[in-house]
Amino acid sequence: MRKKTLLLQNGFTLIEVLIVIIILGVLGAIAYPSYTTYIARGKRNECRAGVMQVMQQQERYFTQYNTYLAVANNAENPRIKNFSGDSSDSSACIIASTTCDEDDATVATCIEIQATARFGDKPPTSVEVFYMDSKGARACKKKGGERYTLGKDTASSDNCWKG
C-alpha cells in the first residue's frame, strides 16, 4: 500500500526548480538593459516634444504681442507650459525660456528654450539638457559634458536630437 502512495505523488524536484530560476535570471539579465534604454529613449523623446511645443507656444505669443515671454524653471505661467508630458509631477523634464546667448539679444528679439532632464539613472550618452532658440538653432548638453550645437559639432551631437 505504501508503494502505491509514493507513486501517485506529483511535484518538482529541486534541480528542476533551480533550472527554471536560472533560466528566468538569464532572461531578466538580458531584458533589463533593453528596457531601461527604451525608457530613457522615450523620456528623451518626451523632452524634445516638450521643447517643440513650448517653442510653438512662444511663437504664437510673439505673433500676438511682438515679444517673447521668458519663463524661469518652476515658474507657473498660464500662457507657456514649463514641463513636458501631462503634468509637472510626471514630467520627464523641466522647461525654461530665457534670452538667447547673444550680446544684443533681448526677450523681444530672441528666446531660448531649455529642457532639463528629470529622469534618474541614464546611460552615459544620455542627453541632460535640450536647447532650441527662436532662430531655429538646436543644441544639447550630454550628462557631465559640454554643450553641442547641431550643425557645428555633428560628430559629438549625433544622438542629441535623434531618437
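## Secondary structure and overall character

In this predicted model, the protein chain contains two helices and five strands, and from the N terminus on these elements follow the order α-α-β-β-β-β-β. Of the 163 residues of the chain, 31% count as buried, and the accessible surface comes to about 10,800 Å², with 55% of that area belonging to carbon and sulfur atoms.

Among the contacts in the chain with a separation of 6 or more, 41% are accounted for by residues 24 or more positions apart. One pairing across the sequence can be given as a distance: Asn45 and Ala92 are 47 residues apart along the chain, and their C-alpha atoms are separated by 9.3 Å.

## The nonpolar core

The largest nonpolar core has 17 residues, and within it the most contacts are made by Val51, Ile95, Ile113 and Ala115. At least two residues of this core come from each of α2 (14–65), β1 (93–99), β2 (111–117) and β3 (127–133), and the largest share, five residues, is supplied by α2.

Which residues does Ala115 touch, not counting those up to four places away in sequence? Its partners are Cys47 and Val51, then Cys93, Ile94 and Ile95, and finally Glu128, Val129 and Phe130. Val51 and Ile95 thus appear both in this list of partners and among the residues with the most contacts inside the core.

## The pairing of β1 and β2

Strands β1 and β2 run antiparallel and are joined by seven bridges. Within this pairing, Thr99 has Ile111 of β2 as its bridge partner, while Thr98 stands opposite Glu112 in β2.

Why can β1 be described as largely enclosed by the rest of the structure? The description holds because five of the seven residues of β1 are buried, where buried means a relative accessible area under 20%. Strand β2 is likewise mostly covered, with five of its seven residues buried. As a general point, the side chains of a regular strand alternate between the two faces of the sheet.

## Helix α2 and its exposed side chains

Besides its share of the core, helix α2 includes residues that are not buried. Ile23 has its place in this helix and, with a relative accessible area of 47%, is partly exposed. Together with Ile15, Ile19, Val20, Leu24 and Leu27, Ile23 makes a nonpolar surface patch of about 590 Å².

Asn45, the residue whose C-alpha atom is separated by 9.3 Å from that of Ala92, also lies in helix α2. Its relative accessible area is 33%, so Asn45 counts as partly exposed.

## The loop between α2 and β1

Asn66 has its place in the loop between α2 and β1, and its backbone deserves a separate remark. Phi of Asn66 is near 60 degrees, a positive value in a residue other than glycine. Is Asn66 buried or exposed in this model? With a relative accessible area of 58%, Asn66 is exposed, because the cut-off for that class is over 50%.

Methods
Residues are numbered from 1 along each chain as its sequence is written. This is a predicted model: local features need pLDDT of at least 70, side-chain atom pairs count only at pLDDT 80 or more; totals for chains, interfaces and linings use all residues. Side-chain values use heavy atoms; hydrogens and water are left out. A nonpolar core is a set of buried Ala, Val, Leu, Ile, Met, Phe, Trp, Tyr and Cys residues joined through side-chain atoms within 4.5 Å. Buried means under 20% relative accessible area, exposed over 50%, partly exposed in between (1.4 Å probe, protein chains only). Helices (H or I, at least four residues) and strands (E, at least two) are DSSP runs, numbered from the N terminus. Contact means heavy atoms within 4.5 Å. Patches are made of residues with over 30% relative accessible area and no salt bridge: like charges are joined within 9 Å, nonpolar side chains (Val, Leu, Ile, Met, Phe, Trp, Tyr) within 5 Å. Accessible areas come from the Shrake-Rupley method with a 1.4 Å probe; for residues, only the protein chains shown count as cover. A salt bridge is a side-chain nitrogen of Lys or Arg within 4 Å of a carboxyl oxygen of Asp or Glu. Two strands pair if DSSP finds at least two bridges between them.
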